[in-house]
Amino acid sequence: MISFWKLLILLPLFLPSGIEACHAQFQKELRYLDLYLGIKPDNNGDIPVEEAVEFATYIESPDELNCDFETECLWRNAPTDNLLDTSDWWYFKKNDEKTFPVQIQPGNPKIPKGEHFIIAGNTTKTANGAVLSSAPVACQKGFANLTFSFWLYNNAQVEVVILRAMNRRRHLQVLMRPKMKCDFLGAANEECRVEIPPIKEPFRIGIRAFDLKDNTVGSLAIIDHIRYHGKICQQSPFPSSFSSLRIPPYDNSPLARMSDLSCERPLRSCRWGNAAKSQLSEWRVGRSIDRWVDMFEITANQSHPNSSFLFLAVDSFSPRPYSSLTSQVIPCSQRTTSLSLKYWMKTGTQAEICAVDEDGIALSCAYLEPNDSPGPITIDLDSYSQPFKFTVGIIAFDENSFGLLAISELRVAGLLCSEPAPPIVTTISPPIIQHIFGLQPGNGRYVPYDLSLNCDFTKDYCSQWVNYDGIVKYGVMPRDSDVFPVPKEIKGNVAVFMMQNATVSELRSRMVPCSINGRIDVEYMRSEDAQVRICALEQCVDGNQTNGIVSIGVSSTTPFYVTIEASSRDDAVVIISKVSTSGEFCPLKTAEQTVCDQLVCDFKDTFCSYETIVEKPGDVPVLKTGNGASVTLNGGGIRAVLVSPTFDLAYPSILTITLSQSTFGSRVLLCPDVTSDPTLCHELSGPRVLDSSDKQVMFPLDIGARSFSLVLLHDKSIEFGPATFNIKSMHLRTVNDEEMCF
């Protein structure tokens, strides 16, 4: 006959899996357990438990945790985490009236026939543990008592652990281990009695058997008759944190202005409320920051609200859907509505702000980014002609913990359709304009451009329109700024003349080859002290309104320029949003083609685009001849000048000049302009002239060059006689010495 000790070794062999489904060899061992201990597994060893949904909601009464294992209970095996829990409890019943041997203590050895209980045991060298976990408890007010019957064998131990209601990363989290003394040496028939201190957060009670080991004879623990007595919370304590109160109902009278939706004092005047009806997951008003650091799991020196605030706290047991904080309905808006707020989120919480229509369909949403906290952040919604409202809500959180979102300093700005619009601004402050437009330089004039005068500054810098003095910058039209209100029609990126004091500036087109019955329209806005006009072919048309369109008609078979000119008497601003054309315009030439047309010349009976200038006494004009641009300086004049047209280079280039000069002492200079002192000019040829044959001279033109003057100088005619100059040609080459113009 098998001994009792042998029986205990056999006991754990069938515990790790569904008992009735075990291999046939274990049926013999089960019969021995029945024969010598009078126990057998029931319900295939599975503990009868309530539906899973009952473990996902807080208990409403402590009695719900009382369990004799005769019916379904709110206790179940905790998920194995390989730390606290490495084994399971199994469901048994007493099958006869046999008395337990004295080696199993301290519970009543005479268990009535038919009574159920649970067992945990093992025969391993490594200690194992099994945790029986209760349904969640929202919180415990004051001290409570937990009692249960227990039996231990061969150094097995039992303890009570208070667990967080949610596991973290599949690990059981211990909140506390109450003081207790429940061991093998307890008095006969003694129950385990444990006093549990107050607990302010959701928890579960765990009854853990541990030190289940001994590969020789095994060890085991049995428990039954669980009782829990105390005063508990019936709902999560998180919503009542921060000394919170419910959001007061608001007067649903029509909004007089958009700013009525601002909610900086939630308990006094706040036209926001909860969208969901459940009070178990609603937004509330926090009045203190007690436990702020603990709740948000942050350091003490991080930010927090400075006055009352709105918050939503939910956990995995909170009823869904979670409430969203919802504004009063806005009938319609005539310009951009801006919602700004500060916010704080517990790690793992995801939240969003939405504008929705009356049916709850989202018009626009923005996620609250953890890295942007606390802000403030601003969310903009374009003007909307139908009713809408704002919502703020939690969309997800780490369900191993809880979700928490707090907001404060909630402000709404904009214009209801019923509000009067502010007047157009008449005065400006340049620093404010610089800031609110975000002004910056454009791409410059050295980039490829569209070969049309048409320009939409909202989409492009429009490099076919060039500003040379740096007064024109580019920025974004401010959205409904009270500092600088602008017409609704002008939106997006614009070109801005920002003028200080009395100023004149212009945007000039690239050269227009020709036009037949053309028309140019410019959309603009100007402040009070500014003037704007459009000019072409020696005609100008003023923009007389503060905003609108100014137009000019053009017809020409020869090249011309168009300018948009701005002027001011004092600090002023002119904004250009769009240039459009109608009628026939020849396509613009590229920058390379244009500068080639302007600077390349063979000078046979023509000056091309160059001019000869008589600027001061001693100057004589250059003459057109079949042999080039020619002049003789013989004492009656000492200087002759050829002036280039104004040009824009596409990239740095080499100017190549073919010329001849006849007399020692004569000089050929390249100067920035006609008035430059000779000492500031570059000597191209001379004064050491040994023959009068043709020669090539070269000069590098920097990309910023816009004009030059070729100065022919001879002030030594008395010593060396007259000097004759012939300019045969000017050409352009790249810096790699390749032909640039074809």
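This tour moves through a predicted model, from its nonpolar cores to a helix, a strand residue and the cavities.

**The nonpolar cores**

Begin by selecting W89, L132, F148, I205 and I226. These residues have the most contacts inside the largest nonpolar core, which has 41 residues. Next, colour the strands β5 (116-122), β6 (128-134), β7 (140-153), β8 (157-164), β10 (192-196), β11 (203-212) and β12 (219-232), since each of these elements gives two or more residues to this core. Then select C263, L368, F390 and L410: they are among the 36 residues of another core, which lies apart from the largest one.

**Helix α4**

Move on to helix α4, residues 430-437, and show the side chains of P430, I433 and F437, which are buried. Why do these residues lie on the same side of α4? They cover an arc of only 60 degrees around the axis, and are therefore placed on the same side of the helix. Now add P431 and H435; these exposed residues sit on the face of α4 turned away from its buried side.

To see what the buried residues of α4 pack against, display β26 (472-476), β27 (493-499) and β34. Before leaving the helix, select G438, just after α4, where phi is positive, at about 60 degrees.

**S577 in strand β34**

Strand β34, already met as a packing partner of α4, spans residues 572-585 and contains S577. Select S577 next. Is this residue buried or exposed? S577 counts as buried because its relative accessibility is 6%, under the 20% cut-off. Show its surroundings by selecting C455, D456, F457, T458, I490, V494 and E523: S577 touches these residues, leaving aside those up to four places away in sequence.

**The cavities**

Finally, turn to the internal space. How many cavities of 30 Å³ or more does the structure hold? There are 3 of them, and the largest contains about 100 Å³ of space. To find the largest cavity, select R508, R510, M511, T594 and D648, which lie nearest its centre among the 15 residues that line it. Two elements, β28 (503-509) and α5 (591-599), give two or more residues to this lining. Of the elements, α5 provides the largest share, with 4 residues. Colouring the lining of the largest cavity by class shows 8 nonpolar, 4 polar and 3 charged residues.

Definitions and conventions. Residues numbered from 1 in each chain as written. Predicted model: local features only at pLDDT ≥ 70, side-chain atom pairs only at ≥ 80, totals over all residues. Heavy atoms only, no water. Buried < 20%, exposed > 50% of the residue type's maximum accessible area, 1.4 Å probe, protein only. Contact = heavy atoms within 4.5 Å. Core = buried A, V, L, I, M, F, W, Y, C linked by side-chain atoms within 4.5 Å. Arc of directions from axis to C-beta. 1 Å grid on protein atoms, 1.4 Å probe; cavity = no way out; pocket = protein on both sides within 12 Å on 5 of 7 lines; lining within 4 Å. Points joined across faces, edges and corners; volume = space filled by probe spheres on them. Nonpolar A, V, L, I, M, F, W, Y, C, P; charged D, E, K, R; others polar.
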